[in-house]
Amino acid sequence: MTSSSDFKPTNILIIGGTGTIGAYITSTLLSSPDPKPYTTLTLFTRPGFDSDPSSAKAQLITHWQSLGLRIVTGSVESFSQTDFTKVFEDGSFDTIISCLGRATLQYQPKIIDAAEASEKVKWFLPSEFGTDVEYNERSKDELTHVGKLALRKHVREKVKRLKVTYVVTGPYFDMWLYPTPGYPQAGGFEPKEKKAWIVGDGEGKVGFCTMWDVGRFVLATLLHPAQSFNKALKVQSFVVTPNQVLAEFEKQTGGTKFDVTYTPLSEIEKLETVLWDKENIDGKPQPKPQATPVTLRRIWAQGGTLYEKNDNELLEVKEEDSDTLEEGVRRYLRGGYKTETFGVRE
Ligand SMILES: NC(=O)c1ccc[n+]([C@@H]2O[C@H](COP(=O)([O-])OP(=O)(O)OC[C@H]3O[C@@H](n4cnc5c(N)ncnc54)[C@H](OP(=O)(O)O)[C@@H]3O)[C@@H](O)[C@H]2O)c1
């Protein structure tokens, strides 16, 4: 039997691999140079993805299939723990990557339990790819962290055999640049109108990851199992201040100054009270969808992404291997992550 120090992933199953960040991870793993950190890569996706072959999702999956992706269909909602164990056994999957979104994080405990119950699965990467939910004393009270903290508790209490790795990336630079609809004061850039909104004075550093780098860091994690087992890895593309981002925008758009609105953190905290409906103590609070991004932006502006040392070096990712501020801004000016086609169209 192989010891955990010489384990290498062989058959990887990616769940939620068509999602906003999952698509970057799936694409990066499929196009990684040889030797790849797997023999087979399989996507678990909901049935019916191919019912309209002209849809963006069907075209993306067809493109990925031409690169070697295998497909298993199912539903994280309706599949039981036993159904998942069967999927894992049938495919001999030894490594599972979950990229499920916030709406389906609640199903992860049963998927983890199924992996723990299967003899085949050795390594599980739950859906994290974001803010450090155990950053400081305040983290446990952040309403945005409830689902991910519950999963970490579940893993501590229930998982004995599986190795688990959380890939903590901080904010996606590509997304952070877009103002939150209806609440631009929470931060963002509108280069066409030469406008920017910055939280605080813009001098506090933020550790960012570009979305392509999230894929690269997951790839690096898979290439370093022993170093990654049972860790929450902190990975970052670059650490910059919002004012440095502003200066880069001004430089790349011809030198004209942007019209900048600076909003104090205390104003953002007041906005959070409204968006989370915190004062509704009698009834059931009805949070607005923008509550999550606004709270996360406040956490990032307060320094919740800063470390004495990140884990890039542990994964042997050098500075020249990851994206720069310059590249991140250039991509946004070219259309941003919303126009990414992952090679389906050039
Ligand atoms: N750091 C940041 O700035 C940042 C930003 C956004 C997200 N994140 C994190 O990244 C992780 C993934 O989030 P995401 O936004 O990328 O996920 P997402 O796009 O919302 O969803 C991922 C996938 O979940 C699958 N899914 C299965 N059942 C579903 C259902 N009933 N309804 C909807 N989707 C279903 C879908 O795959 P199929 O269609 O193939 O079935 C979907 O593509 C989360 O942990 C999130 O917190 C971080």
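Here are a few short exercises, with worked solutions, on a predicted model of a protein with a bound ligand.

**Exercise 1. Find where the ligand sits and describe the shell around it.**

Start with the pocket: the ligand sits in the largest one. Next, collect the neighbours, taking a residue as near if one of its heavy atoms lies within 4 Å. That gives 24 residues around the ligand, and the closest are Thr 18, Thr 45, Lys 57, Glu 77 and Ser 127. Finally, sort the shell by class: you get eight nonpolar, 10 polar and six charged residues.

**Exercise 2. Work out which atoms of Arg 46, Glu 128 and Gly 170 pair with the ligand, and how much of the ligand gets buried.**

Use a cut-off of 3.5 Å between N or O atoms for a polar contact. Take Arg 46 to begin with: an N or O atom of its side chain is 2.9 Å from a ligand oxygen. Glu 128 goes through its backbone instead, with an N or O atom there 3.2 Å from an oxygen of the ligand. Gly 170 also uses a polar backbone atom, this time 2.9 Å from a ligand nitrogen. Now for the burial: on its own the ligand exposes 910 Å², and the protein buries 81% of that.

**Exercise 3. Locate the NmrA-like domain and summarise its span.**

Look up the record: an unreviewed UniProt entry puts the feature "domain: NmrA-like" at residues 11-265. Then check the geometry of residues 11-265: the end C-alpha atoms are 46 Å apart, and the span is 33% helix and 20% strand.

**Exercise 4. Track down the backbone oddities at Pro 35, Asn 230 and Phe 342, and place each one in the fold.**

First, recall the background: most residues other than glycine have a negative phi, and most peptide bonds are trans. Asp 34 and Pro 35 are joined by a cis peptide bond, with omega about -5 degrees. Pro 35 belongs to the loop between α1 (22-30) and β2 (40-45).

Move on to phi. Asn 230 isn't a glycine, yet its phi is positive, about 55 degrees; you'll find Asn 230 in the loop between α8 (225-228) and β10 (231-234). Phe 342, not a glycine either, has a positive phi of about 55 degrees, and Phe 342 lies in the segment after α12 (325-333).

Terms used:
Residues numbered from 1 in each chain as written. Predicted model: local features only at pLDDT ≥ 70, side-chain atom pairs only at ≥ 80, totals over all residues. Heavy atoms only, no water. Polar contact = N/O pair within 3.5 Å; in protein donor to acceptor, adjacent residues only side chain to side chain. Areas by Shrake-Rupley, 256 points an atom, 1.4 Å probe, with all protein chains shown as cover. 1 Å grid on protein atoms, 1.4 Å probe; cavity = no way out; pocket = protein on both sides within 12 Å on 5 of 7 lines; lining within 4 Å. Sits in = over half its atoms within 2 Å of the grid points. Nonpolar A, V, L, I, M, F, W, Y, C, P; charged D, E, K, R; others polar. UniProt positions renumbered as here; feature names shortened; annotations may be inferred. Helix = DSSP H or I, 4+ residues; strand = E, 2+ residues; numbered from the N terminus.
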